[in-house]
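Hi everyone, thanks for coming. I'd like to walk you through a structure that may be new to you, so please have a look at the screen.

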There are 2 protein chains.
Amino acid sequence: MNATITDFVGRPAVAPVSRVEAFIRANEFDRPTLVLDTKAVANQYHALKAGLGRAHIHYAVKANPAREIVEELVNLGSHFDAASRGEIELCLSLGAAPETISFGNTIKRASDIAFAYHAGITLFAADAEEELEKIAEHAPGAEVYIRLIVDASEADWPLSRKFGCARDKALDLLAMATRLGLKPVGFSFHVGSQTRRAEMWTTTLDQIAEIWHRAHAQGHQLTLLNIGGGFPAFYGEAIDHPTKYSARVMALVTERFGDVERVMAEPGRGLVAEAGMIAAEVLLVSRKSNDDAHRWVYLDIGKFSGLAETMDEAIRYQFITDRDAEPTGPCILAGPSCDSADVLYEKRPVQLPVGLKAGDRFIIRNCGAYTSSYSSVGFNGFPPLDVIVI
Amino acid sequence: MNATITDFVGRPAVAPVSRVEAFIRANEFDRPTLVLDTKAVANQYHALKAGLGRAHIHYAVKANPAREIVEELVNLGSHFDAASRGEIELCLSLGAAPETISFGNTIKRASDIAFAYHAGITLFAADAEEELEKIAEHAPGAEVYIRLIVDASEADWPLSRKFGCARDKALDLLAMATRLGLKPVGFSFHVGSQTRRAEMWTTTLDQIAEIWHRAHAQGHQLTLLNIGGGFPAFYGEAIDHPTKYSARVMALVTERFGDVERVMAEPGRGLVAEAGMIAAEVLLVSRKSNDDAHRWVYLDIGKFSGLAETMDEAIRYQFITDRDAEPTGPCILAGPSCDSADVLYEKRPVQLPVGLKAGDRFIIRNCGAYTSSYSSVGFNGFPPLDVIVI
């Protein structure tokens, strides 16, 4: 297991070097490279599953669609949450059974619904009338769950209102689905990305439980509760152990929903983030003026080549350099592109060794999630983030 | 010429349909597709060149690296501003002479400097000591220009402090370049992306002229002034005609700098934005609750598949639908991915036809710049933005 994921109290790692870090230190890379350890993914799957119990894990493929990760999870018995036809094809091509794949994007092209239906997918998400109409036409008789908006989130990165519908409207959609010949089986929601403590789920679960019981009272025999993602990764702030965390979430679910027939959980970040590190390089260290209090440190990777989640400085990665024993000073961290928006951390500068210079190796920890797939095809002529699976 | 670029007073287009729009209307697309017209690029090149006169146009390849565009510009005698080894290789492979290519990124990998030097590139940008050291080591004797920070910008999208150095420091860097055996030939700056009126250059040019003359007074025989980009495209707000605009900028330059031996201009957006439109599709129209004042309109393209410049709602694209004769209402516009940050316009909603629905064609105007290259490799399993050149 990746050493860092045992570091639950948020101390700087004094843990043994992980397989990924050892691999990076033993090799040279001519461009930024994400190194992934499928064993670390497997360990994390087991740790989450031990807490989730009877809930099915539907891995959110968008977090990292590396074939080796999906294949490993197929072998472990994981189910999958797919955002697109492309992700469904990926899962099927690696041996996932169609009945283990849910089409969880509430915004689907009609022809992709038809594709999924003919491929054997039977479970779809929706949050609007028009989406139900498309599903009824192109996947007649399918099971649907209605995605709900969550009002209050205690996540590090609360979601926008983009997905889901208001709770009152959800009851109308259940009725409409039935009229259209679909099978409305339940609700889904998302507690917010990187919800660091299990107790932070309480308010959201209270909201969802209220409408769940109201739906039952109206005669909807709901059998499926999809609790979505939000399972955290370690980025420097303390998080619970994955088993303890997911067991507590399930206890909170059971307190409110009783013995629901099917519970789905959709970890993405929480499954794969800690299984990968990026091998990067310092390209330039400078000061803008002779009395500049901050250094600027420019890496060979930036916002458009894998580190998109530094947007608004939301996710704060941790770093390893060969000079970590040196004193540190405040730095603004930026990417290599000719784009002034390609600055990673400026509002809250990062502390980096005073001797850091061009050519230094720069390892970015716990970035197995939402990096390789966000990478641009070639912004500024830089190749996409390379991926190596060990 | 693309009809929209004659629309300089900012009215909704009543102009004749452009070749790009006609092509999109005559074809079906199974995924979002950027359609580019190299004739429109050529026309814009001529229009800018007519105003820029003796200044060399160095096309900022990062704006759109389509091979057909670069090839067209090589044939027209354009020079090039390259951000990376990849862009240099692209230009060389399409027949650009090495002496017409400047390596304008101030953040360069040492091995890429060596590559460029051996390929015959002789002109490099720098804004820091360490960068000069790398250039001196890997491109001995090369010409360098020093990039300056601009304090005040009147651009729609002012740049951050990521590039350039303070003006006092620039003088030190000129001296250091000489000590290192390099040829410090001049300065560069960037007035800010999408500087809509030529008069908005005045303050910046005043700042640069002050340090330019100070450098001369200190004995630096500067011969090169790189005025960078900032040339605007039409996104709905009035802009000057490109010839009038660039002639006025050159007049402002001459007033302040006299008869500089070499002037470089680096239009990117201003050369190619209006030469392209994206053929997209509406995937879903919904309301979050029954009394929601706004509709949500979801497209098959979003922030991670080409429309990255909607970040902070900075660039506001214009749209064409088949229902533009209908009354309109306020909409929040979002992309198709399962990412809550993939919302294009929410703070300032867009007006769209009331009858808009899933399956409708949705054309995005003037998006030939900074779309295809920003596109992710496959976020959420969606393929990168397709490109067709007509």
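I'll talk about the barrel, then a pair of helices, and finally how the two chains relate. Please keep in mind that this is a predicted model.

Let's begin with the barrel in chain B. Here eight strands close up in the order 2-3-4-5-6-7-8-9, with parallel pairing. On average, neighbouring strands of this sheet are turned by 30° against each other, ignoring direction. As a reminder, strands of a sheet pair through backbone hydrogen bonds, either parallel or antiparallel. For one example, take strand 7 of chain B, residues 183–188, and strand 8 of chain B, residues 224–226: three bridges join them in the parallel sense. If you look for Ser188(B), you'll find its bridge partner in strand 8 of chain B, namely Asn226(B).

Now over to chain A, and two helices. Helix 7 of chain A covers residues 167–179 and helix 8 of chain A covers residues 202–217; they pack at about 35°, with axes 10 Å apart. The crossing is right-handed. Which residues of helix 7 of chain A meet helix 8 of chain A? They are Arg167(A), Asp168(A), Leu171(A) and Leu174(A), and across from them in helix 8 of chain A sit Gln207(A), Glu210(A), Ile211(A), Arg214(A) and Ala215(A). By type, this contact has four nonpolar, one polar and four charged residues.

Last, the two chains together. A turn of 180° with a shift of 0.0 Å along the axis lays chain B on chain A, with an RMSD of 0.0 Å. The copies are therefore related as by a two-fold rotation axis. In chain B, the residue closest to that axis is Ser376(B), its C-alpha 1.9 Å away. Both copies use the same surface, as 100% of the contact residues of chain B recur in chain A.

Terms used. Residues numbered from 1 in each chain as written. Chains lettered and ligands numbered in written order. Predicted model: local features only at pLDDT ≥ 70, side-chain atom pairs only at ≥ 80, totals over all residues. Heavy atoms only, no water. Pairing = 2+ DSSP bridges. Helix = DSSP H or I, 4+ residues; strand = E, 2+ residues; numbered from the N terminus. Axes fitted to C-alpha atoms, helices over the stretch in contact; angles between N-to-C directions. Left-handed = near helix turned anticlockwise from the far one by under 90°. Contact = heavy atoms within 4.5 Å. Nonpolar A, V, L, I, M, F, W, Y, C, P; charged D, E, K, R; others polar. Least-squares fit on C-alpha atoms with pLDDT ≥ 70 in both.
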